[in-house]
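Hi everyone, thanks for making time this morning. I'd like to walk you through one structure, so please have a look at it while I talk.

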Amino acid sequence: MPTPIQIVEVGPRDGLQNEKTLVSTEDKVTFIRRAIAAGAKRIEIASFVHPKLVPQMADAEDVVAALGPVDGVTRIGLTLNKRGALRALDCGIDQLGAVCVASDGFGMKNQNQTSAETVATAKEIVKLAHAEGRSAQVTVSTAFGCPFDGEVPEQRVLDIVARAAEAGPSEIALADTIGVGVPSQVTSLVGKAADLIAPIPVRVHFHNTRNMAIANVWAAIEAGAKTIDSSIGGIGGCPFAPNATGNVATEDVIYLLSRSGIDHGLDLNAVIETAKWMETILGKKSPSMLAAAGDFLT
Ligand code: ZN
């Protein structure tokens, strides 16, 4: 398992979006700059959704403008529809993240579209980005379970992955949106998806809602995933599990990779310091284990 693994920092988007404390544009930009200083090369910096639906992301354009382009760093904007995609492209985002929903129940609740409609929209967003000379990737959400429809059949997810691949995204992610997946499920789904869409790489996105995220990360790497989403401090939450923690913590993933001899390009201590700084912004302790325990042998 010697190949490097890339980490996509999703704290500024997925993490903050699920935090109750409204964070200022200035603090968001500081957060992003600290992630870059720690070595992050791809960062989900905002989502371009209706500000009434997600108040934390109402300043998406301001964040992009205040940050500006950063050499060697891909700034990702999450978009759920054409309008959001156009907003993201207009303000100069480097890469669009489109979303297919694997289940109809979540699709209707989250973006008022059936699963099939979300696939069509995601493919349209990828084409829009390519027409503007920008890259785009697709995330398949609720790939490991849906809060409304329950279990999502593996073949259903794979069919969506195959259809999304037709648009030529730079990568396809399998997302455990609500944190219900377990490693055996990850091994099977990631392995099959990687075979199905090669040479398009597979990314994974895990929430630690039920304490499975770090185990799922390892299973995904063994099954062929090349990129891991994580948030500094493990900030965020899950709208369908009110007391749950957020994304798998970046520092926990770094520790796993480093101790396993896998390159990732991030500085663990700089990430831990950033997690501790974010604790002062959010006014609460971060759920990450490494932020509490620190590194081994340093
Ligand atoms: Zn998420």
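Let me start with a term I'll need in a moment: a polar contact here is a pair of N or O atoms within 3.5 Å, and within protein one of them must be able to donate a hydrogen and the other to accept it. Please also keep in mind that this is a predicted model.

With that term in hand, go to helix α4, residues 82–90. Asn 81 caps its N-terminal end, with a side-chain oxygen 3.3 Å from the backbone nitrogen of Arg 83. Which residues of α4 are buried? They are Gly 84, Ala 85, Ala 88 and Leu 89. These four cover an arc of only 135 degrees around the axis, so they sit on the same side of α4. On the face turned away from that buried side you find the exposed residues Arg 83 and Asp 90. And what covers the buried residues? The cover includes strands β2, β3 and β4, together with helix α6.

Just after α4 comes Gly 92, with a positive phi of about 90 degrees. Gly 92 has a partner worth a look: the side chain of Arg 75 reaches its backbone oxygen at 2.7 Å. Arg 75 lies in strand β3. Is this arginine buried or exposed? Arg 75 counts as buried, because its relative accessibility is 4%, and the cut-off for buried is under 20%. Its contacts farther along the sequence include Ile 43, Ile 45, Val 64 and Leu 67 on one list with Asp 94 and Gln 95.

Now let's zoom out to the sheet. Eight strands, β1 through β8 in order, form a closed barrel with parallel pairing. Neighbouring strands are turned by 30 degrees against each other on average, ignoring direction. Take β5 and β6 as an example: they run parallel and are joined by three bridges, and Val 138 has Ile 172 as its bridge partner in β6. Helix α8, residues 183–197, packs on the sheet and touches both β6 and β7, its direction making about 150 degrees with that of β7.

Let's stay with β7. Five bridges join it to β6, again in parallel, and one bridge partnership is that of Ala 175 with His 205. Five of the five residues of β7 are buried, so the strand is largely enclosed by the rest of the structure. Both faces are covered: Val 202, Val 204 and Phe 206 are buried on one side, Arg 203 and His 205 on the other.

That histidine takes us to the metal. Which protein atoms are the donors of the zinc ion? They are the OD of Asp 14 and the NE2 atoms of His 205 and His 207, at 1.9 to 2.1 Å from the ion. Along the chain, the donors follow the spacing D-x190-H-x1-H. Like His 205, His 207 is buried.

One last stop: Gln 56, in the loop between β2 and α3. Gln 56 counts as buried because its relative accessibility is 3%. Its C-alpha atom is 7.0 Å from that of Leu 16, although the two residues are 40 apart along the chain. The Gln 56 side chain reaches the backbone oxygen of Leu 16 at 3.0 Å, and a polar atom of this side chain lies 2.9 Å from the backbone nitrogen of Val 23. Among the other residues that Gln 56 touches are Glu 19, Thr 21 and Lys 28.

Thanks for listening, and I'm happy to take questions.

Key
Residues numbered from 1 in each chain as written. Predicted model: local features only at pLDDT ≥ 70, side-chain atom pairs only at ≥ 80, totals over all residues. Heavy atoms only, no water. Donors = N, O, S within 2.8 Å, 3.2 Å for Na, K, Ca; no water. Buried < 20%, exposed > 50% of the residue type's maximum accessible area, 1.4 Å probe, protein only. Pairing = 2+ DSSP bridges. Helix = DSSP H or I, 4+ residues; strand = E, 2+ residues; numbered from the N terminus. Axes fitted to C-alpha atoms, helices over the stretch in contact; angles between N-to-C directions. Contact = heavy atoms within 4.5 Å. Arc of directions from axis to C-beta. Lists of a residue's contacts leave out its neighbours within four places in sequence.
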